[in-house]
Amino acid sequence: MKKTALITGATSGIGRATAHEFAKHGINLVLCGRRQQRLDSVKKALSRETDVYTLNFDVRDKQNTFEAIDSLPEQFRNIDILINNAGNAHGLDPIENGSIEDWDAMMDINVKGLLYVSKAIIPGMTERKLGHIINIGSSAGKEVYPKGNVYCASKHAVLAITEGMRIDLNPYGIKVSAINPGLVETEFSQVRFKGGSQADNVYKGYKALQPEDVAEAIYFAVSRPPHVNIADILMFCTAQANSTIVKKS
Ligand code: NDP
Ligand code: 8X3
């Protein structure tokens with residue numbers, strides 16, 4: 001029987017590439033994000049390969065998140081795979097200069113948003129004693145780098161939540177995985193630096209991971225046999241050794 005995956009942040013980058021990868025393998029898709037036109041165009045591109053439904057909500061908005069997920073039609077209600085991917089960095093400032101708005105955005109989206117979506121999806125999984133939750137963390141969740149302070153904190157929280165989920169959902173046979181990439185060339189830098197040349201320079205002088213590289217790792221995790229759970233993947237592009245060392249030309 002075909003599986004159904006709900007992907008947050010499916011309008012761009014890693015989430016959109018994962019939607020394409022899953023569609024290739026015939027997984028039904030619930031694609032989430034705030035930009036409806038983007039959701040429509042991803043749906044259009046993938047509808048020949050699989051069944052696609054879109055949900056437009058901001059993961060920061062608790063009520064909208066629950067209402068949107070509750071509104072899913074029968075065909076898409078049983079979520080087998082949850083990809084908690086929506087998120088971003090906002091700013092790169094030493095802690096003494098950091099913006100409170102940026103801090104709020106990162107904690108509200110990357111941490112609390114992930115919890116709201118999970119809270120809405122987990123009851124169906126525990127009831128069916130079946131499911132796979134993949135949380136998109138980051139190398140920033142394993143290692144703090146200069147000026148990364150709150151973004152790193154949000155991704156450390158994602159890793160702790162992932163490990164907590166794996167423990168608490170163990171009695172139900174639900175798989176929980178963390179996929180932690182280093183630098184991936186997406187809209188991430190545009191959001192972090194609010195556009196401009198600093199954003200454009202982030203991926204210059206080396207070959208960063210591409211969103212498709214991460215999508216393949218995610219599909220690897222979801223396509224293991226029932227007795228195998230990929231707990232944690234840390235992946236870098238070859239040019240990157242850790243959060244601070246990147247070999248650039
Ligand atoms: P993108 O900026 O390309 O994509 C981010 C996605 O998140 C978009 O689809 C966006 O959709 C969605 N999103 C952002 N804010 C919200 C919100 N408030 N409510 C709902 N959806 C939201 O970045 P990436 O693909 O790179 O990032 C995806 C995940 O990967 C993030 O969690 C990020 O932290 C993580 N990551 C990224 C790395 C990188 O170097 N790029 C490295 C390691 C991890 P929309 O705007 O339409 O709502
Ligand atoms: C994204 C990777 O190094 O910009 O999570 O924090 S990094």
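Helices here are DSSP runs of at least four residues, and strands are runs of at least two, numbered from the N terminus. With that in hand, we can walk through this model, which is a predicted one.

Let's start with helix 2, which spans residues 36-46 and lies across strand 2 and strand 3. Its direction makes an angle of about 175° with strand 3. Since angles are taken between N-to-C directions on a scale from 0 to 180 degrees, you can picture helix 2 running back against strand 3 at about 175°.

Now widen the view to the sheet itself. Seven strands make up an open sheet, and their order is 3-2-1-4-5-6-7, with parallel pairing. At the edges sit strand 3 and strand 7 (232-235), each of which pairs on one side only. From one strand to the next, the twist averages 15°. As a general reminder, strands of a sheet pair through backbone hydrogen bonds, in either a parallel or an antiparallel manner.

Where does strand 3 find its partner? Strand 2 (residues 28-33) is joined to strand 3 by five bridges, and the two run parallel. If you would like a landmark along this pairing, look at Gly-33, which stands opposite Asn-56 in strand 3.

Another helix also packs on this sheet. Helix 1, residues 13-24, lies across strand 1 (4-7), strand 2, strand 4 (81-84) and strand 6 (175-181). Relative to strand 1, helix 1 runs at about 170°.

Back in strand 3 (residues 52-56), it is worth pausing at Val-52. Is Val-52 buried or exposed? Its relative accessible area is 8%, and because buried means under 20%, Val-52 counts as buried. Leaving aside residues up to four places away in sequence, Val-52 touches Leu-29, Leu-31, Lys-43, Leu-46, Ser-47 and Phe-76. Val-52 can also be related to Ile-7: the two are 45 residues apart along the chain, and their C-alpha atoms are separated by 11 Å.

Finally, let's visit ligand 2. The residues around ligand 2 are Ser-138, Ala-140, Tyr-145, Tyr-151, Phe-188 and Arg-192. Which of their side chains offer polar atoms to it? An N or O atom in the side chain of Tyr-145 is 2.6 Å from an oxygen atom of ligand 2. For Tyr-151, a side-chain N or O atom is likewise 2.6 Å from an oxygen atom of ligand 2. Arg-192 contributes a polar side-chain atom that lies 3.5 Å from an oxygen atom of the ligand. On its own, ligand 2 has 240 Å² of accessible area, and the protein covers 89% of it.

Key: Residues are numbered from 1 along each chain as its sequence is written. Chains are lettered from A and ligands numbered from 1 in the order in which they are written. This is a predicted model: local features need pLDDT of at least 70, side-chain atom pairs count only at pLDDT 80 or more; totals for chains, interfaces and linings use all residues. Side-chain values use heavy atoms; hydrogens and water are left out. Buried means under 20% relative accessible area, exposed over 50%, partly exposed in between (1.4 Å probe, protein chains only). Contact means heavy atoms within 4.5 Å. Two strands pair if DSSP finds at least two bridges between them. A residue is near a molecule or strand if one of its heavy atoms lies within 4 Å of it. A polar contact is a pair of N or O atoms within 3.5 Å; within protein, one must be able to donate a hydrogen and the other to accept it, and residues adjacent in sequence count only if both atoms are side-chain atoms. Accessible areas come from the Shrake-Rupley method with a 1.4 Å probe; for residues, only the protein chains shown count as cover.
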